[in-house]
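Okay, thanks for coming, everyone. Let me put the structure up on the screen and then talk you through a few places in it.

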There are 2 protein chains.
Amino acid sequence: MNKRAKVTKAQIIEAALCVAAEKGAGKVTLDEVAKVSGFSKGGLLYHFPSKEALITAMVQQLVDDTEAGRQQLLAQGDNALTAMIKAHARLTEQVQGNTAMAILAAAAEQPGLLNPVQQACQFLLQDINTESGDNPEAVLLMLACDALWFQDMLSISPFTAQQKEQLLQYMQRRAKELMP
Amino acid sequence: MNKRAKVTKAQIIEAALCVAAEKGAGKVTLDEVAKVSGFSKGGLLYHFPSKEALITAMVQQLVDDTEAGRQQLLAQGDNALTAMIKAHARLTEQVQGNTAMAILAAAAEQPGLLNPVQQACQFLLQDINTESGDNPEAVLLMLACDALWFQDMLSISPFTAQQKEQLLQYMQRRAKELMP
DNA sequence: TTTACTGTACCAACCAGACGGTTTATTATT
DNA sequence: AATAATAAACCGTCTGGTTGGTACAGTAAA
């Protein structure tokens, strides 16, 4: 796969995420994605052999991006919990906040497509449990982080932007206290 | 509205939740719900004038049920945080674990249908903030509770049933410590 | 008590449009 | 020329919604 194909694929995925965010996670149709991305339907199906393949790719990109960001922060010396919180905060801040919509699109299409996400969650939990010595407070922080993310994804967050900001800062402080 | 109509409506909603859970939140079609519920499509549309009305009713039921359970626990003397944790735990335990799928079905159909959920979240946060004196630890517990719920709904929970059980117990202990 | 009428609850058949996916043809890139 | 990429027309199926109608309970006049 050359570079051009990669760019095109990324554009298609981005358009699909956009459709999911604006019209609803279940409205990600090939026709609509084609219209928004500017490519033809045939073009989409050249790069992704089926709608399911497209959504699988969306989920994979989300998992990979998140994990990459986390690994980068780990390499910088952050602990597992802090890295997770920062990585999530970063995803939320991104203009491309739509990335998370991959989860809803997958849930709408076929629940099984979320398996990679579950695996990633398991890895993360393991990391945090290992590093915190199975401290339930650490798990609580991880969950709270997830919840902020889910709330944003569903647009049901009861927090203002600055409330969320403060919360995330508080969580990072707690994360530092918790980890040795 | 007659009693018979109420029962029928409830059956239709349950069938819709079932479809969402088994086939995917975006696969809640009138045809499928008709097949699963045993009524005809015309029958569905007699009780719910449109698919959107059906999903709205699903969401409303979820919000109402959750709030009712919470109010009951509050009346029994639990504090706002404990009541929320217990109420969520109860929803998860229910054989009707599908209730939460209303959220995903709404997200799939049209994001705006989740507005009642956001309002409920806001009320809840207000309650907890008031009662805890704006203690961020309380907010964290609330969020963790939400996350457990979201994870179950998406079938991406990294916890075993007993891990979740232990966590919920830990959370209830923390909730009691936090509230005066 | 029969009759006629009304409103509720439901259904089978149908429709126009949208759906995922295929095919075939055409254009860029190498 | 060979291959990668895109477009457009098309197919069978499914979609949400409409239609006209049936079954039946109540009810009120005869």
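I'll go through the two DNA strands, then one residue in chain A, then a pair of helices in chain B.

Before anything else, please keep in mind that this is a predicted model.

Let's start with DNA strand C. There are 21 residues around this strand, and the ones that come nearest are A:Thr29, B:Asn2, B:Ala5, B:Gly42 and B:Gly43. If you look for elements that give two or more residues to that surface, chain A offers α2 (30–37), α3 (41–47) and α4 (51–75), while chain B offers α1 (3–23) and α3 (41–47). So which element has the largest share of the surface near DNA strand C? That's α3(B), with five residues. And in terms of chemistry, the surface near strand C has nine polar, seven charged and five nonpolar residues.

Now over to DNA strand D. Here we have 19 residues around the strand, with A:Ala5, A:Ser40, A:Gly42, A:Tyr46 and B:Thr29 coming nearest. The elements giving two or more residues are α1 (3–23) and α3 from chain A, plus α2 (30–37) and α3 from chain B. On this strand the largest share, four residues, belongs to α3(A). The class breakdown near strand D is eight polar, six charged and five nonpolar.

Okay, away from the DNA. Have a look at A:Glu131, which sits in helix α7 (residues 115–132) of chain A. Is A:Glu131 buried, exposed or partly exposed? It counts as partly exposed, because 17 other C-beta atoms lie within 10 Å, and you'd need 20 or more to call a residue buried. Who does A:Glu131 touch, leaving aside neighbours within four places in sequence? The contacts are A:Asn79, A:Ala80 and A:Met179. Take A:Ala80: A:Glu131 is 51 residues away from it along the chain, yet their C-alpha atoms are separated by 7.1 Å.

Last stop, chain B, and a helix pair. The axes of α5 (residues 80–93) and α9 (residues 161–178) of chain B come within 8 Å and cross at roughly 165°. That angle makes α5(B) roughly antiparallel to α9(B), since anything over 145 degrees counts that way. The crossing of α5(B) past α9(B) is left-handed. On the α5(B) side, the contact uses B:Leu81, B:Thr82, B:Ile85 and B:Ala89. From α9(B) you get B:Leu168, B:Met171, B:Gln172, B:Ala175, B:Lys176 and B:Leu178. By class, that contact has seven nonpolar residues, two polar and one charged.

That's my tour, thanks.

Note on methods:
Residues numbered from 1 in each chain as written. Chains lettered and ligands numbered in written order. Predicted model: local features only at pLDDT ≥ 70, side-chain atom pairs only at ≥ 80, totals over all residues. Near = placed C-beta within 6 Å. Nonpolar A, V, L, I, M, F, W, Y, C, P; charged D, E, K, R; others polar. Buried ≥ 20, exposed ≤ 12 C-beta atoms within 10 Å, placed from the backbone. Contact = placed C-beta atoms within 7 Å. Axes fitted to C-alpha atoms, helices over the stretch in contact; angles between N-to-C directions. Parallel < 35°, antiparallel > 145°, perpendicular 65-115°, else oblique. Left-handed = near helix turned anticlockwise from the far one by under 90°.
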